[in-house]
Amino acid sequence: MNDKYTEMAGRLIVALDYPDAEAASALVRELEGIPCYLKVGMQLYYAAGPAFVRELKSKGYSVFLDLKMHDIPNTVRGGAESITRLGVDMFNVHAAGGTAMMKAALDGAESALATDPGLSRPLIIAVTQLTSTSQETLNSEIGIQGSVQDAVVHYAKLTQSAGLDGVVASAQESALIREACGQQFITVTPGIRPAGSAAGDQARVLTPGEAIRQGSHYIVVGRPITAAENPREAAEHIIKEMIEA
Ligand code: C5P
């Protein structure tokens, strides 16, 4: 395993979108030895809870807890404190919750760190616009006028001014975000589809190689790996494409 392989595998976040711990564990076993990040989203977390997150951590994985908190600041502060105590490496909120809510997430994490010196500060990122949101949906349903790109850049700047570490957006917007917020501001990009795979409900998609070329720090991949006939091969193929990019 060379350095480039380890670096790129560490920038691949595999979405464990499964109904229970058993199904998720089966995929984790298939991917054993690949030093990728693992993402626990609401489907799995609501079923398997903190115990499953601790199990992944005990196996040495970096874990992104993708619960997309969006609530009043006091509630998000408490949520962030509990999540930080779990020892995850990354978690998120919705930027649409505003500055006070995002700062409350930071506060909550800091409170957990203050009580347990063994913890390290997770990356805290904000969702800009879901990668399933199209231009049409943004304007006619959500009620935000203007382009998706403008809305994403607005939320990215708001996230940065609140003191968070980065955003979730489509890789189609990574370059714009880097321009607006600088190279250090992290972009985590779902909506990744290797050439020839089905988009499903995702609207703003890019291939793994393109996403890396656009400057994404992390790419999130679910179904192109989890629904593949051979998930391990699919993951290795994606890492290879990332290295080549
Ligand atoms: O299966 P697929 O590759 O589309 O999975 C993408 C994953 O990224 C899902 O777990 C989804 O919840 C998550 N996600 C997303 N768009 C966002 C934030 C998270 O698709 N803006």
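## Strand E2 and its first partner

Let's start with one pair of residues: valine 14 has leucine 38, in strand E2, as its bridge partner. Keep in mind as you look around that this is a predicted model. The pair belongs to a parallel pairing in which strand E1 (residues 12-15) is joined to E2 by three bridges.

How do the two strands fit together with a helix? E1, helix H2 (residues 21-30) and E2 form a β-α-β unit, and this unit is right-handed.

## On to strand E3

From E2, the chain crosses through helix H3 (residues 42-58) to reach E3, in a β-α-β crossover that is again right-handed. Strand E3 (residues 63-69) runs parallel to E2, and four bridges connect them. Here you can find valine 40 opposite leucine 65 of E3.

## Inside the structure

Is E2 enclosed or open? Strand E2 (residues 37-41) is largely enclosed by the rest of the structure, because five of its five residues are buried, meaning under 20% relative accessible area.

Try looking at the two faces of E2 in turn. Tyr37, Lys39 and Gly41 are buried on one side, and Leu38 and Val40 are buried on the other, so both faces are covered.

## Around the ligand

Now turn to the ligand, which is surrounded by 17 residues. Lys39 is among the closest, along with Asp17, Arg193, Gly222 and Arg223.

Three of these residues place polar atoms by ligand oxygen atoms. For arginine 193, a polar side-chain atom lies 2.7 Å from a ligand oxygen. For arginine 223, the distance from a side-chain N or O atom is 2.7 Å, while glycine 222 has a polar backbone atom 2.8 Å from a ligand oxygen. On its own the ligand has 470 Å² of accessible area, and the protein covers 88% of that.

Definitions and conventions:
Residues numbered from 1 in each chain as written. Predicted model: local features only at pLDDT ≥ 70, side-chain atom pairs only at ≥ 80, totals over all residues. Heavy atoms only, no water. Buried < 20%, exposed > 50% of the residue type's maximum accessible area, 1.4 Å probe, protein only. Pairing = 2+ DSSP bridges. Right-handed = clockwise from strand over helix to strand, strands pointing away. Near = heavy atom within 4 Å. Polar contact = N/O pair within 3.5 Å; in protein donor to acceptor, adjacent residues only side chain to side chain. Areas by Shrake-Rupley, 256 points an atom, 1.4 Å probe, with all protein chains shown as cover.
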